[in-house]
Amino acid sequence: MLFAALRLNRKLKEKDEADPRTENNTKEGIKKEKKPKKEEAEHPVTTKKKSKEEIEAAKALKIKKREEEEQQRWRWWEEDKYEDGVKWKFLEHRGPFFPPEYQHLPDNVNFYYNGKVVKLGLAAEEVALFFAQMLDHEYTTKDVFRNNFFKDWRKEMTLEERVLISDLNKCDFRELHTMHKEKVEARKAMSKEEKLVMKEANQKIVEEYGFCILDHHRERIGNFKIEPPGLFRGRGEHPKQGMLKKRIQSEHEWLPPAGHHWKEVRHDNTVTWLASWTENVQGSCKYVMLNPSSKLKGEKDWEKYEVARRLKSCVNGIRQQYQQDIKSKQMEIRQRAVALYFIDKLALRAGNEKEEGETADTVGCCSLRVEHITLHDLLEDKECVVEFDFLGKDCIRYYNKVPVTKRVFKNLKLFMKNKEPGDDLFDRLNTCLLNKHLSSLLPGLTAKVFRTFNASITLQEQLQQLSNMTDKPAEKLLSYNRANRAVAVLCNHQRVPPKTFDQSMANLQSKIDGRREQLALAKSELKLAKKEVKAHSSDSKLQAVVERKKKAVQRCEEQLMKMEVQATNREENKQIALGTSKLNYLDPRISVAWCKNMEVPLDKIYNKSQRDKFAWAVDMTGADFLF
């Protein structure tokens, strides 16, 4: 493991006998408590209802705490930026937290091969447990997963174990799987006190490893826990699924365990990562980075959106240029122009070159193959239609039918001429050449900036079209989500509908039906009350009853409207992921300005961690901001 941006802290406390590394490396915090057991439910604990004064005091305390947080916040965006690529001038951190070493299985838990008990060595047993933990998952039924696992598992075995264990189908992991399930259930059934002990233990780890000192300010580290070993899954039908993700060792660590040392300690203040290592499955470099709310991440976001805003002033010229280049006599320029046309119009990712067979078969614009497009002279009453069908990032299918200009259509026919289905569509273009051309048009411009620009512009235009100041709060939020959804569709941010979707929608619909019945009842009661008033017009008590009934009807109508909007929102978002575009492609200043103009609380759009991530945008954006 390499360490960058590191100033060694000589005054670290010596390790306690109970080293935090040996504690369970569980996720921070306590999971949401389950419903009380039957015995507890039969004897519910009566809780005293809070008084109005107590509720007001709690609100005031919350506001005060929020104000104190704001006062303590490092307003780095108001400071001068460093020059010459310098990211920081002082940095101190503890290093990453490593998962605990593996411990042997209990004596009463056995692995069987061909019906006989086999005691495995520590290394082979750990990998066997990884497979056992996944027995109820469909991955363990796939041939690719099983073959890759067995091949890597045998590498961890001793010679005697390899000679004995030669067929995965003869392996019996059921006792290991049962033990794992029991541990999971035991964690779920922990008492409040046990969960609190675990929370405190995790908090100690966070305090020691989860923060750094950056330019004399305390900043949160994002992924300070090194990922434990396990079996690689990948996205979709990944050819490497089932391979062993090996334990990251500290040759590797800065204050390492006995017998270990760091590979290298590097002082480099031009990078934003704290530590790095190379994972064994795909050979990619992994990094320990600061939290999204940190200065280094915030500056990067800010710069990204500023480059996208600068593109706005020259995008028309760039579009005219690539329309001219489509007619170029040089095939390289033609292919570049058509690829840029698709990246601009369809917000396609550029795509990166990969070694054949090394990763899942995912492509972007520059790596499209002939088999990924079908040309239609006429389709559904539209001329010059291109039908796209390929796997994009994270194995998400991109399928689209797009009418294009006649000149683009003619060029695509030319690019496909005399080629096999597996040949590259843009055989004289790659991502590097494309981005090099774009940066010559505007410093810092890349294909990804085009995607960010089109996403942000789309959001702003959609918000202007859909928003109405006279709408109720729930309707305003529906308009925002619909604008966000338009961006997600443009960027092909799909998701698989949750397994519980149908049930949750049915539950919501039953609530809506119940609320409609309540509304009908409230309206009939109001009608009767009004009749009573007509008959006894001088009775002030009856007048008060009518007012109460009116308010009851109004409340029911508002609650019903909220539920119906919620149902519409859920249904429309069934297969669309809004979060990716909102956090990575949409300039947050557009959303902040919209909230101010529409008088919508910002916490309705961004949760606390997201507001922290975009603190710079929240602070600097006025209601008149335009992307």
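This is a short tour of the structure, stop by stop, with a note on what to select at each one.

**The whole chain**

Keep in mind as you go that this is a predicted model. Start with everything shown as a cartoon: the protein chain has 19 helices and 15 strands. Of its 627 residues, 42% are buried. If you turn on contacts, looking at those with a separation of 6 or more, 71% of them are between residues 24 or more positions apart.

**Stop 1: helix H6**

Select residues 174-188, which make up helix H6. Does the length of H6 agree with its 15 residues? At 1.5 Å a residue the helix should span 21 Å, and the C-alpha atoms at its two ends are 21 Å apart, so the two agree.

Now show the side chains of Leu 176, His 177, Met 179 and His 180, which are buried. Look down the axis of H6: the buried residues fall within an arc of 160°, so they line one face of the helix. A general point helps here: an α-helix has 3.6 residues a turn, so residues three or four places apart point the same way. Turn to the other side of H6 and you will find Arg 174 and Glu 182, both exposed.

What do the buried residues of H6 pack against? Add residues 111-113 and 122-132 to your selection: these are strand E3 and helix H3, the two partners of that buried set.

**Stop 2: aromatic rings around Phe 131**

Next, colour the aromatic residues. A search of the whole structure finds 24 aromatic pairs. One of them joins Phe 131 and Phe 173, with ring centres 5.0 Å apart and 50° between the planes, a tilted arrangement. This pair links distant parts of the chain, 42 residues apart: Phe 131 is in helix H3, while Phe 173 is in the loop between strand E5 (171-172) and H6. Both Phe 131 and Phe 173 are buried.

Widen the selection to Phe 111, Tyr 139, Phe 145, Phe 149, Phe 150 and Trp 153, and you have the other members of one aromatic cluster that includes Phe 131 and Phe 173.

**Stop 3: Tyr 480 and Trp 594**

Move on to another aromatic pair, Tyr 480 and Trp 594, also tilted, at 5.2 Å centre to centre and 45° between the planes. Which elements does this pair link? Tyr 480 is in helix H13 (residues 473-490) and Trp 594 is in helix H17 (residues 588-598), 114 residues apart. Tyr 480 and Trp 594 are both buried.

**Stop 4: charges over rings**

Select Lys 81 together with Trp 302: the lysine lies over the face of the Trp 302 ring, 4.9 Å from the ring centre. Then select Arg 451 and Tyr 585, where the arginine lies over the face of the Tyr 585 ring, 4.9 Å from its centre.

**Stop 5: Ser 328**

Go to the loop between helix H8 (295-325) and helix H9 (331-346), where Ser 328 is placed. Is Ser 328 buried or exposed? Its relative accessibility is 15%, so Ser 328 counts as buried. Draw a distance from its side chain to the backbone nitrogen of Gln 330 and you should read 3.1 Å. Leaving out residues up to four places away in sequence, Ser 328 touches Ile 333 and Arg 334.

**Stop 6: two residues with positive phi**

Most residues other than glycine have a negative phi. Asp 84, which is not a glycine, has a positive phi of about 60°. You will find Asp 84 in the loop between helix H2 (52-72) and strand E2 (91-93), and it is exposed, at 75% relative accessible area.

Glu 380 is also not a glycine, and its phi is positive at about 55°. Look for Glu 380 in the loop between strand E13 (373-379) and strand E14 (382-391); it is exposed, with a relative accessible area of 56%.

**Stop 7: Lys 549**

Finish in helix H15 (residues 540-572), which holds Lys 549. Lys 549 is partly exposed, at 25% relative accessible area. Select Ala 522 as well: the C-alpha atoms of Lys 549 and Ala 522 are separated by 6.8 Å, with their positions 27 residues apart along the chain. Beyond its neighbours within four places in sequence, Lys 549 is in contact with Glu 525, Leu 526 and Ala 529. With Glu 525 there is also a polar contact of 3.1 Å, side chain to side chain.

Key. Residues are numbered from 1 along each chain as its sequence is written. This is a predicted model: local features need pLDDT of at least 70, side-chain atom pairs count only at pLDDT 80 or more; totals for chains, interfaces and linings use all residues. Side-chain values use heavy atoms; hydrogens and water are left out. Helices (H or I, at least four residues) and strands (E, at least two) are DSSP runs, numbered from the N terminus. The expected span of a helix is 1.5 Å times one less than its number of residues. Buried means under 20% relative accessible area, exposed over 50%, partly exposed in between (1.4 Å probe, protein chains only). The arc is that of the directions from the helix axis to the C-beta atoms. Contact means heavy atoms within 4.5 Å. Rings of Phe, Tyr and Trp (its six-membered ring) pair if their centres lie within 6.5 Å; planes under 30 degrees apart count as stacked, over 60 as edge-to-face and the rest as tilted. A charge sits over a ring if NZ of Lys or CZ of Arg is within 6 Å of the ring centre and within 35 degrees of the ring normal. A polar contact is a pair of N or O atoms within 3.5 Å; within protein, one must be able to donate a hydrogen and the other to accept it, and residues adjacent in sequence count only if both atoms are side-chain atoms.
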